[in-house]
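Colleague: Could you take me through one part of this model in detail? I would like to follow a single buried spot and its surroundings.

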Amino acid sequence: MDKSTAIPSAAEFERIMTERHTRPVYEKLKNASAAVAGLGGLGSNIAVSLARAGIGKLLLVDHDKVELSNLNRQQYDTLDLGMYKTDALRRSLERINPYLEIETETVRVTEENAAALFGDFKIVCEAFDRADQKAMLINALLEQCPDTVIVSGSGMAGMLSANSIVTRHVFDRLYISGDGITDIKDANGLMAPRVAVCANHQANMVLRLILGETEP
């Protein structure tokens, strides 16, 4: 490793990842891609976990900037304040996995542009905050992108037991992670532990799909 930059060579990085995952698993991950729609508490944690796992390509989509209120549960810090989340998260992911291919789109996702943004990706993680946005994206992708599988998150607020968060295969191209019931209005806000648990359920489902496993 070049100690002056602390960036491992591609060969060093691949050797470590192969030791961790085995060659067949790492090859599948390295050649896979996924998109993350929304880079808040769910999306930023999903992206970090997928980058650490060795996925080859990520599309990051969000139109917001990092605010102080984000720091209690999202993968940003005070140096990111005021930056677009796409730029701040890209910077973090490049430090985690310098050989990850990252695309960003700093736009608001709508029913009209969803297919153009995500249509080339077989796996899309829905990670919006609002229920209406979640429903919009899920419906748009199910209707307009017949080859896309959606991994969604819903129900992770407050301090209830993390053991109530599960991933369900709702139907053919839709998986939903969460407790299925907890809304922000009914709990003590969004707190890092349960949000991260739900996000990592989503990330784990993405990895399982890449490796050919279709059930949670």
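Modeller: Happy to; here is a walk from one charged side chain to the core. Do keep in mind that this is a predicted model.

Let's start with Arg73, which sits in the loop between strand 2 (57-61) and helix 4 (85-96). Arg73 is buried yet has no salt bridge. The nearest side chain of opposite charge belongs to Asp129, 4.6 Å away, and this pair does not count because a salt bridge needs a side-chain nitrogen within 4 Å of a carboxyl oxygen. Leaving aside residues up to four places away in sequence, Arg73 touches Gly41, Asn45, Leu190, Met191, Ala192 and Val195.

One of those partners, Gly41, is found in helix 3. With a relative accessible area of 3%, Gly41 counts as buried, because the cut-off is under 20%. Outside the same sequence window, Gly41 touches Arg73, Gln74, Val195 and Ala199.

From here we can move on to the largest nonpolar core, which has 41 residues. Ile46, Leu50, Leu58, Leu60 and Leu93 touch the most other members. Elements that give two or more residues to this core include strand 1 (33-37), helix 3 (41-53) and strand 5 (149-153). Helix 7 gives the most, with 9 residues. Ile46 touches Val36, Cys125, Ala127, Ala199, Gln202 and Ala203, again not counting residues up to four places away in sequence. Ala199 thus appears in the contact lists of both Gly41 and Ile46.

Definitions and conventions. Residues numbered from 1 in each chain as written. Predicted model: local features only at pLDDT ≥ 70, side-chain atom pairs only at ≥ 80, totals over all residues. Heavy atoms only, no water. Helix = DSSP H or I, 4+ residues; strand = E, 2+ residues; numbered from the N terminus. Buried < 20%, exposed > 50% of the residue type's maximum accessible area, 1.4 Å probe, protein only. Lys, Arg positive; Asp, Glu negative; His and termini not counted. Contact = heavy atoms within 4.5 Å. Core = buried A, V, L, I, M, F, W, Y, C linked by side-chain atoms within 4.5 Å.
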